[in-house]
Amino acid sequence: MESVFKPDILNGKTALITGGGSGICFEISTQFGKHGAAIAIMGRRRHVLDAAVDALRSQGIRAIGIEGDVRKQEDAVRVIEGTVKHFGRLDILVNGAAGNFLASPEDLSPNGFRTVLDIDSVGTYTMCHEALKYLKKGGLGKDPSSGGLILNISATLHYRAAWYQIHVSAAKAAVDSITRSLALEWGSDFDIRVNGIAPGLIEGTLGQQKLLPKEITETRKGLMPSVRLGEKWDIAMAALYLVSDAGKFVNGTTLIVDGGHWLSQPQYISKEEVKKISKIVEKKSRELTVGLPTSKL
Ligand code: COA
């Protein structure tokens, strides 16, 4: 699908996208590039980075891929400095690197729990911390009166609770909290806007493969609740809104982009039944209360 934004809205900007070599974050890299930004992607696998950079360059996007693990502070420093060395500045940091798998708490070791928090929560914080000197107003290549942007990719799992996702729910709750704290402190001190996106299930991603495994969905057709899947494009458009001037007054929010899925719950009474019984129940309750002494009404 074509973008609804003008193609020059990110002209002159440089974006660093962790986990930007695949899935949702590759689409964010592509759309940011198509709207004028130079793109640096950070990931652990050289072949994934190379394929992603080739695909971006083939569309005329200025792009580089730098290997690194967000769990290692020295990698964060090296990748951020490598980006600035190559493109001369850093304007947008997208924290998309994440880890996920399904596991029940009784089968998940503390190290498994910690691994996901290390990638998602501590990794996000580390990248933000190391990028500050370039993102803040007056940072290299920045206007002395305006700073850069941070976008943290989150989830909706922790708004209620999600089966087999105790680790990711805890990790993303921390990410949302980091988004708000940095928006408060770095928004006022350094003019950096910090926002998040909480995507729903997105078609053709590792998340879809991991959370709705085909091995299960194919054998349970008819039993599985139907879930409307989003497209990577939906998330990339939300990201463009948040990092462009269209979102210039938005700070500290995590935008849910899931078609309303997180609100869904079983419809335990049908509409026909509600039509039939609602008025009868109401009438009965009035009869009951009318019979009571006034002090109890
Ligand atoms: N169930 C239970 N525990 C698991 C698990 C699973 N499916 N997968 C990993 N773990 C545990 C391991 O057993 C280990 O704990 P232990 O030392 O107590 O045994 C711990 O998690 C770390 O696993 P390891 O494989 O060494 O970590 P890693 O750094 O190589 O990989 C992951 C990190 C596990 C998060 C891996 O899934 C990954 O790299 N993910 C990145 C891609 C991704 O998931 N993206 C998100 C898409 S939604």
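**From a loop histidine to the ligand shell**

His261 is partly exposed, at 34% relative accessibility. The model is predicted. In this model His261 sits in the loop that runs between strand 7 and helix 9. Compare its position with that of Ala239. The two residues are 22 residues apart in sequence. Their C-alpha atoms are 19 Å apart in space.

The loop that holds His261 also holds Ile269. Strand 7 covers 254–257, and helix 9 covers 271–290. Ile269 has a relative accessible area of 34%. The cut-offs for partly exposed are 20% and 50%, so Ile269 falls in that class. Ile269 also belongs to a nonpolar surface patch. Its partners there are Tyr268, Val274, Ile277 and Val281. Together the five residues make a patch of about 500 Å².

Now turn to the charged pairs. How many salt bridges does the structure hold? The count is nine. One of them joins the side chains of Glu67 and Arg46, with N to O at 3.6 Å. Glu67 lies in strand 3, residues 63–67, while Arg46 lies in helix 2, residues 46–57. The pair therefore ties together parts that are 21 residues apart in sequence. Glu67 is partly exposed at 33% relative accessibility. Arg46 is partly exposed too, at 34%.

Arg89 and Asp91 form another salt bridge through their side chains. Here the N to O distance is 2.7 Å. Is Asp91 buried or exposed? Asp91 has 2% relative accessibility, so it counts as buried. Arg89, at 22%, counts as partly exposed. Salt bridges can also link up by sharing partners, and Arg46, Asp50 and Glu67 are joined into one network in this way.

A further salt bridge leads towards the ligand. Arg71 pairs with Asp69, and their closest N and O atoms are 3.2 Å apart. Asp69 is buried, because its relative accessibility is 12% and the cut-off is under 20%. Arg71 is partly exposed, with a relative accessible area of 35%.

Arg71 also meets the ligand. A polar atom of its side chain lies 2.9 Å from a ligand oxygen atom. Backbone atoms make contacts as well. A polar backbone atom of Ala98 is 3.0 Å from a nitrogen atom of the ligand. A polar backbone atom of Asn100 is 2.9 Å from an oxygen atom of the ligand. How much of the ligand does the protein bury? Taken alone, the ligand exposes 930 Å², and the protein buries 56% of that.

Step back to the whole shell. The ligand is surrounded by 15 residues. The closest are Arg44, Arg71, Ser109, Asn111 and Lys210. By class, the shell divides into five nonpolar residues, seven polar and three charged. Which helices each supply at least two residues of this shell? They are helix 4, residues 110–135, and helix 6, residues 206–211. Helix 4 gives the largest share, with four residues.

Arg71 thus appears in two settings. Its partner in a salt bridge is Asp69, and its side chain also has a polar atom 2.9 Å from a ligand oxygen.

How values were computed:
Residues are numbered from 1 along each chain as its sequence is written. This is a predicted model: local features need pLDDT of at least 70, side-chain atom pairs count only at pLDDT 80 or more; totals for chains, interfaces and linings use all residues. Side-chain values use heavy atoms; hydrogens and water are left out. A residue is near a molecule or strand if one of its heavy atoms lies within 4 Å of it. A polar contact is a pair of N or O atoms within 3.5 Å; within protein, one must be able to donate a hydrogen and the other to accept it, and residues adjacent in sequence count only if both atoms are side-chain atoms. Accessible areas come from the Shrake-Rupley method with a 1.4 Å probe; for residues, only the protein chains shown count as cover. Ala, Val, Leu, Ile, Met, Phe, Trp, Tyr, Cys and Pro count as nonpolar, Asp, Glu, Lys and Arg as charged, and the others, Gly among them, as polar. Patches are made of residues with over 30% relative accessible area and no salt bridge: like charges are joined within 9 Å, nonpolar side chains (Val, Leu, Ile, Met, Phe, Trp, Tyr) within 5 Å. A salt bridge is a side-chain nitrogen of Lys or Arg within 4 Å of a carboxyl oxygen of Asp or Glu. Buried means under 20% relative accessible area, exposed over 50%, partly exposed in between (1.4 Å probe, protein chains only).
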